[in-house]
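The exercises below ask for a careful reading of one set of coordinates. Each task is followed by a solution that proceeds step by step.

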Amino acid sequence: MKITVAVSGINTIDNPGPGAGICRALKESGMDIRTIGLAYDALEPGIYLDHIIDKSYIMPYPSGSREAFIERIKDIHSRESIDVIISALDAELPIYMDIEPVLKDIGIKMLIPSKEMFRLRDKLRLKELAEKIGVKAPEYMSCTSLTDLHNAVNELGFPCMVKGPFYEAYKANSPGEAEGYFGKIASAWGYPIIVQKFIQGDEYDVIGCGDGNGSDLGVFAIRKMTITKLGKVWNAVSIRNEKLIEATKRVVKGLSWRGGFEFEVLLEDKTQEIYVLEINPRFPAWVYFPAGCGINLPARMVQLLTGQDYDTHSDYKSGKLMIRYTNELVKDISDFEQISTFGETSEKGE
Amino acid sequence: MDKDKLAVLAVSESGFIFDPVTGHSYTANATGLKILELLKAGKEPDEIRSVLLDEYDSTEDEVSVDVNDFIENLKKYFLI
């Protein structure tokens, strides 16, 4: 049975989206899957990765007209008979949460969180979330002005973390540094800026997928070995930390989480206590790493959505290393012409 | 001493130590590796001192300092 899966977030740039990793995991799953890339820009690298993405289409921005977004999906669906869409970008999740019933009516299935789940994992509601899942949250204050910033650093002390609403986080050791980072982040990403108490420790991530009924389709934990300036993991090692795995399972159960997610935590050096930093409501960019270690979450998600049997085990080896690298493709300008003029790539071999 | 933690530590012949719980890795010299292997085999610090005294040309004080320091370092890094 051939299954057609449309995947967004195929922007494998320095702040990589998860789409290419999802498609690679699906292609290596052993299932007969046709992958469709949903891009927002003609230069998203995934468009040109013919070995893992069979065909790509340009989508209207999710911040624009809802009708135009739906119409574009219907147009692609009329030609591709999409079975499943895997949304992999935070910015488009709200519109997909809105239109999921419409998509269901035309035969397209998704496994995404509800609006309530999405609300609970907001960076500004960390305390509420931490209480719900029985871990700690670093103290933090939300700031929309320099006055707020001064109040926050007086309250939380130095060093502290100054974090953007979406990306970037810096450790500030003085009021001057905090003001500098505040201005830098605000000009790039807007408000609110979050000032967070600094906890000495290491950052860990767990990827998982919830079935929406309190059970998970598998989880996989890593320690970030190196991260980029935007805070994205670049190299990582798989770990087996039962406290962390149990906390992750409490997230899935406590929120009845539906869909892929990334649970970002910090383990305090002194106490080894878990502090929740964030829950990203989709698969992270390193989604291929667990797939390469036997926990193929995109494949399990597709199997669940299409009524097939799927594994739920989390049996993987610790000490597996993920090395991310950059690469270059050589393509023809006609490939760019095709996608930028017609909004879609040619069929392979055409 | 956290014997469960000690049991899961991956220690190679080269002295490379991988902690699968935290993902940290370390390198021990030949003496450190010997102490760690003996700890993993269930030996107490006094027994380890005796083994090292038999195997190395060192005084009792030197061996005691080495064993104590190494065990303190293992504790500091939550390895035992």
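Two residues are taken to be in contact if their C-beta atoms, placed from the backbone, lie within 7 Å. The model is predicted, so that every value below is computed from predicted coordinates.

**Exercise 1. Overall form of chain A**

Determine what percentage of the contacts in chain A between residues at least 6 apart in sequence join residues at least 24 apart, and state whether the radius of gyration agrees with that of a compact globule.

Solution. Begin with the contacts: among those in chain A between residues at least 6 apart in sequence, 65% join residues at least 24 apart. Turn next to the dimensions, where the C-alpha atoms of chain A fill a box of roughly 60 × 40 × 40 Å along the principal axes. Because a compact globule of 350 residues would have a radius of gyration near 20 Å, the 20 Å found for chain A agrees with that expectation. Finally, 41% of the 350 residues of chain A count as buried, and the secondary structure of the chain comprises 11 helices and 14 strands.

**Exercise 2. Strand β10 and its two partners**

Establish how far strand β10 of chain A is enclosed, and describe its pairing with β9(A) and with β11(A).

Solution. First, count the buried positions: nine of the 12 residues of β10(A), which covers residues 216-227, are buried, and the strand is therefore largely enclosed by the rest of the structure. Second, consider β9(A), residues 201-211, which pairs with β10(A) in the antiparallel sense over six bridges; within this pairing, Y204(A) has R223(A) of β10(A) as its bridge partner. The hairpin of these two strands has four residues between them, and G212(A) takes a positive phi near 90 degrees there. Third, consider β11(A), residues 233-239, which runs antiparallel to β10(A) and is joined to it by six bridges, with K224(A) standing opposite A236(A) in β11(A). In this second hairpin, which has five residues between the strands, G231(A) takes a positive phi near 85 degrees.

**Exercise 3. The surroundings of G218(A)**

Which residues are in contact with G218(A), leaving aside its neighbours within four places in sequence?

Solution. Locate the residue first: G218(A) lies in strand β10 of chain A. A residue with 20 or more other C-beta atoms within 10 Å of its own counts as buried, and G218(A) is buried because it has 20 such atoms within 10 Å. Its contacts beyond four places in sequence are G208(A), C209(A), I295(A), L297(A), R300(A), D311(A), T312(A), H313(A) and S314(A). For one of these, L297(A), the separation from G218(A) is 79 residues in sequence and 7.1 Å in space, C-alpha to C-alpha.

**Exercise 4. A four-stranded sheet and its helices**

Give the order of the four strands in the open sheet of chain A, identify the edge strands, and place helices α6 and α7.

Solution. The strands of this open sheet follow the order β5-β8-β6-β7 (chain A), with antiparallel pairing. Its edge strands are β5 (140-143) and β7 (169-172) of chain A, each of which pairs on one side only, and the twist from one strand to the next averages 25 degrees. At the β5 edge, four bridges pair β5(A) with β8(A), residues 193-197, in the antiparallel sense, and M141(A) stands opposite V195(A) in β8(A). Helix α6(A), residues 146-156, lies across β5, β6 (160-163) and β8 of chain A, running at about 170 degrees to β5(A). Helix α7(A), residues 175-189, packs on the sheet and touches β6, β7 and β8 of chain A, its direction making about 20 degrees with that of β6(A).

**Exercise 5. The buried side of helix α5**

Which residues of helix α5 of chain A are buried, and why can they be assigned to the same side?

Solution. The buried residues of α5(A), which spans 126-133, are L126(A), L129(A) and I133(A). Because these three cover an arc of only 65 degrees around the axis, they lie on the same side of α5(A). A general rule is in keeping with this: an α-helix has 3.6 residues a turn, so residues three or four places apart point the same way. The elements that cover the buried residues of α5(A) include α4 (115-120), β5, α8 (242-255) and β13 (274-280) of chain A. After α5(A) comes G134(A), whose phi is positive, near 70 degrees.

Conventions. Residues are numbered from 1 along each chain as its sequence is written. Chains are lettered from A and ligands numbered from 1 in the order in which they are written. This is a predicted model: local features need pLDDT of at least 70, side-chain atom pairs count only at pLDDT 80 or more; totals for chains, interfaces and linings use all residues. The radius of gyration is taken over C-alpha atoms; the globule rule is 2.2 Å times the number of residues to the power 0.38. Two strands pair if DSSP finds at least two bridges between them. Axes are lines fitted to C-alpha atoms, for helices over the stretch in contact, and angles run from 0 to 180 degrees between N-to-C directions. The arc is that of the directions from the helix axis to the C-beta atoms.
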